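I set out to look up aromatic pairs, one buried loop residue and one strand with its partners. My entries follow in that order.

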Amino acid sequence: MTRLVVDIGGTSIRLAHCRDHSPDLSDISQFACADYTRVDDVLLEYCARHKLDNDEFVLAVAGPVDGPLVDITNNQWEFDAGLLASVLGINSYLIINDFTAQALAHRGLFQDRQIPANSKLKMLRSGSADYSTPLLVIGPGTGLGVAALAPVGDDVKIIEGEGGHVSYAPRNSTEIHVLRTLQDRFGHVSAERIVSGPGLATIFEIQTGQLKPAPEIGALALAGDADAVAAVHLMLQSLATVAANAAITLGARAGIVIAGGIVPKLEPLFATSGFFDRFDDHGRQRSYLQPIPVYLSTDPFAALYGASDAFDSQYLQNQICYLT
């Protein structure tokens, strides 16, 4: 029994496979979405390269999941997952949101009650975790992903959503200026417009009038450029607001895992960014938020492990589609 595991984001597609429900993944690979016109092309190339004859297919996508039609929010791919499975000769498939996969990748925090051995999690702030409550997983990449795990006996159940698209909530005059500028452009301004790679580029452009890609801004910030540092700090403080609001809404006191591709690259700036001051600054709820531990996921392939785990989750079995 061979399972093909795929994680599609706005920028990259990551692939792996496993046999007989093994937790170990083989031939982990990453490709740029922009290099392929169709998702079929990269999957067929990968399967041919590794001589795979797949039985199962699990697909984590950066976008809403509602039936077999997939529209990746921040790239050009649109496709029917059922037809894709048929092309690949697969018998059954499961589609989940990419942050459902990210969340499931960190279920070990519930099982071990600490950072699991060999995990690529870092403790950003220790705390007093309440493992009877949800764990929040959130992170900026090409977009902003949000999900949570809720404990159910000895298992966990996923709380899925599109939390990156909540309305942006500015907390100071600088952020209000960013919001008003973006309202003129887009009308509604979601948190993802600010807390993401494109969001970092937008912040920098609004503050300096210069158009630069997010990786260049990040590099400048790490080198000490004042304008770039200011843009990174605004993005990370805005992330703190979104995370705190989600933690309060979900009662997520088991902890917060920051995932995604951006924050690990900016980790040297995190401690001085004002993230924790902003996270805790919620008036009467300060004492509620301060004990919550905060972790950083540094594994770029974590979602592949979570996606594979999703196929075996008792709570997602009714979402698996079988081809006759």
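**Entry 1: aromatic rings**

I searched this predicted model for paired aromatic rings and counted six aromatic pairs. I looked first at Phe 110 and Tyr 131: their ring centres are 6.2 Å apart and their planes stand at 70°, which is over 60 degrees, so I recorded the pair as edge-to-face. I then noted where the two residues sit. Phe 110 belongs to helix α4 (residues 108–112), while Tyr 131 is in the loop between β8 (121–125) and β9 (135–140). The two are 21 residues apart, and the pair links distant parts of the chain. I found both Phe 110 and Tyr 131 to be buried.

Next I turned to Phe 275 and Phe 276. Their ring centres lie 5.1 Å apart with the planes at 85°, so this pair is edge-to-face. I noted that Phe 275 and Phe 276 are both buried. The two also belong to one aromatic cluster, together with Phe 270 and Phe 279.

I also looked for a charge over a ring. Arg 193 lies over the face of Phe 186, at 3.7 Å from the ring centre.

**Entry 2: Ile 72**

I located Ile 72 in the loop between β5 (69–71) and β6 (78–80). Is Ile 72 buried or exposed? Its relative accessibility is 1%, so I entered Ile 72 as buried. Leaving out residues up to four places away in sequence, I listed its contacts as Ile 8, Gly 9, Gly 10, Val 61, Ala 62 and Trp 77. For Gly 9, I recorded a separation from Ile 72 of 63 residues in sequence, against a C-alpha to C-alpha distance of 7.3 Å in space.

**Entry 3: strand β9**

I checked burial along β9 and found six of its six residues buried, so the strand is largely enclosed by the rest of the structure. I then sorted its residues by direction. I recalled that side chains in a regular strand alternate between the two faces of the sheet. In β9, Leu 135, Val 137 and Gly 139 point one way, whereas Leu 136, Ile 138 and Pro 140 point the other way.

Which strands pair with β9? Strand β10 (residues 144–152) runs antiparallel to β9 and is joined to it by six bridges. Three residues separate β9 from β10, and the two strands form a hairpin. Within this pairing I noted Ala 147 of β10 as the bridge partner of Val 137. With strand β12 (residues 255–258), β9 pairs in the parallel sense over four bridges. There I found Leu 135 opposite Gly 255 of β12.

Methods. Residues numbered from 1 in each chain as written. Predicted model: local features only at pLDDT ≥ 70, side-chain atom pairs only at ≥ 80, totals over all residues. Heavy atoms only, no water. Phe/Tyr/Trp six-rings, centres within 6.5 Å; stacked < 30°, edge-to-face > 60°. Buried < 20%, exposed > 50% of the residue type's maximum accessible area, 1.4 Å probe, protein only. Lys NZ or Arg CZ within 6 Å of the ring centre and 35° of its normal. Contact = heavy atoms within 4.5 Å. Pairing = 2+ DSSP bridges.
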